[in-house]
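Biologist: I should like to understand how the two chains of this model meet. Please take a close look at the interface, and explain it in terms that a first-year student can follow.

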2 protein chains.
Amino acid sequence: MKTSSVDQIIADLLGQKQYHYTSQQIFEQIRTRLPAVNRSTVYRSLDRLVSQGKVSISDIGTGSLVYELVGNGMHHHLVCQHCHQIITIPADEINPLFSKIEQESHFQIITNHLILYGICPGCQNKKEL
Amino acid sequence: MKTSSVDQIIADLLGQKQYHYTSQQIFEQIRTRLPAVNRSTVYRSLDRLVSQGKVSISDIGTGSLVYELVGNGMHHHLVCQHCHQIITIPADEINPLFSKIEQESHFQIITNHLILYGICPGCQNKKEL
DNA sequence: TTCGCAAATGCAACAAATCGCGTTATAATT
DNA sequence: AATTATAACGCGATTTGTTGCATTTGCGAA
């Protein structure tokens, strides 16, 4: 396996902050270090990192997927499909289920940022949608 | 509120099968009924249906999001981020958690197709990734 | 029925993401 | 060190998804 400098730079970037980036943000950040890097190279690098289980993908309902380093701390969200309000669910609420699934399936779960979609209490009350 | 014929056709389409479609598949299907329909109209129609809580979105790791009618039956998946194998998780495994979260948050959960990513037992054993 | 508002649509420009292919470069082997 | 296989890359073409704006159309009010 060849070593990819782009892989390393992305992993560094994602490791710096306990937060997630869109592919666009990652692309822009990489360009500050490797100005000539091609967009497709960044996408392919992200694919590799995901395939290796080092990076997780989440859809937080903003239209763009976000990437974050696995092990950067679990945090889960409830997202309202109508007003796009985001609520955080305590990790304790979810972790027992993940552990149970891991034991039963022998999968190693990478998802560290579970997103559940729904309609928030306020929007349920709006007569029409 | 004006009625959108495209909204109705999409809902019909999604209701016909207990299955999910990509936006591309939906677009192609719609064209068989409304040959002149514009791509952006389909996307905007999907946005409306999602916003109304009638349609759910899932990312099954294929690159494209899939849409399905809410109420078409729950089914959840474990997806291997390395070999893309997909395993189905019994709904019973997940439903209690959803009920608990609904009670505590008063959100109405729309997600009817939960996808958890991980590394499957086989891929965990591959020396390098 | 007509009028007028607001929602839905089409269109065209744009942006984001993917793909095929030829090239470059790393790392293992000799 | 030279050779070779193959992973990573850049580039251009294509596909997919988004946005602004002008137009059309359905629906309620007059």
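Modeller: The following account begins with one chain, proceeds to the interface and the core, and ends with a few individual residues.

The model is predicted. Chain A contains five helices and seven strands, and along the sequence these elements follow the order α-β-α-α-β-β-β-β-α-β-β-α. The C-alpha trace of chain A spans about 55 × 40 × 20 Å along its principal axes. Chain A has 129 residues, of which 47% count as buried. Among the contacts in chain A with a separation of 6 or more, 56% are made by residues 24 or more positions apart.

The interface may now be considered. The size of an interface is often given as the accessible area lost when the parts come together. Between chain A and chain B the buried area is about 3400 Å², and carbon and sulfur atoms give 63% of this area. In chain A, the residues that lose the most area to chain B are Gln81(A), Glu93(A) and Phe107(A); together they account for 21% of what that side buries. In terms of contacts, 41 residues of chain A meet 41 residues of chain B.

Polar and charged groups also take part. There are 10 residue pairs in polar contact between chain A and chain B, counting pairs with both residues at pLDDT 80 or more. Two salt bridges are found across the interface. In a salt bridge, the side chain of Lys100(A) meets that of Glu93(B), with a distance of 3.3 Å from N to O.

Several elements of chain A build the side that touches chain B. Those supplying at least two residues each are α3 (39-51), β2 (55-59), β4, β5 (86-89), α4, β6 (108-109), β7 and α5 (121-124). Helix α4(A) gives the most to this side, with eight residues. By residue type, the side of chain A that touches chain B divides into 25 nonpolar, 12 polar and four charged residues.

The largest nonpolar core draws on both chains. It has 30 residues, and the members touching the most other members are Ile101(A), Leu116(A), Ile101(B) and Leu116(B). The elements that give two or more residues to this core are β4 (76-80), α4 (91-105) and β7 (115-119) of chain A, along with β4 (76-80), α4 (91-105) and β7 (115-119) of chain B. Leu116(A) illustrates the arrangement: leaving aside residues up to four places away in sequence, Leu116(A) touches His77(A), Leu78(A), Val79(A) and Ile89(A), as well as Phe98(B), Ile101(B), Ile109(B), Thr111(B) and Leu114(B).

Three further residues of chain A complete the picture. Ser23(A) is found in helix α2, residues 23-33. The relative accessible area of Ser23(A) is 16%, and the cut-off for a buried residue is under 20%; Ser23(A) therefore counts as buried. Beyond residues up to four places away in sequence, Ser23(A) touches Tyr43(A), Leu46(A), Leu65(A) and Tyr67(A).

The other two are histidines in loops. His84(A) lies in the loop between β4 and β5 of chain A, and has a positive phi of about 65 degrees although it is not a glycine. His106(A) lies in the loop between α4 and β6 of chain A, and its phi, near 65 degrees, is likewise a positive value in a residue other than glycine. The relative accessibility of His106(A) is 53%, and because a residue over 50% counts as exposed, His106(A) is classed as exposed.

Methods
Residues are numbered from 1 along each chain as its sequence is written. Chains are lettered from A and ligands numbered from 1 in the order in which they are written. This is a predicted model: local features need pLDDT of at least 70, side-chain atom pairs count only at pLDDT 80 or more; totals for chains, interfaces and linings use all residues. Side-chain values use heavy atoms; hydrogens and water are left out. A nonpolar core is a set of buried Ala, Val, Leu, Ile, Met, Phe, Trp, Tyr and Cys residues joined through side-chain atoms within 4.5 Å. Buried means under 20% relative accessible area, exposed over 50%, partly exposed in between (1.4 Å probe, protein chains only). Helices (H or I, at least four residues) and strands (E, at least two) are DSSP runs, numbered from the N terminus. Contact means heavy atoms within 4.5 Å. Buried area is the accessible area (1.4 Å probe) that two parts lose on being put together, summed over both. A salt bridge is a side-chain nitrogen of Lys or Arg within 4 Å of a carboxyl oxygen of Asp or Glu. A polar contact is a pair of N or O atoms within 3.5 Å; within protein, one must be able to donate a hydrogen and the other to accept it, and residues adjacent in sequence count only if both atoms are side-chain atoms. Ala, Val, Leu, Ile, Met, Phe, Trp, Tyr, Cys and Pro count as nonpolar, Asp, Glu, Lys and Arg as charged, and the others, Gly among them, as polar.
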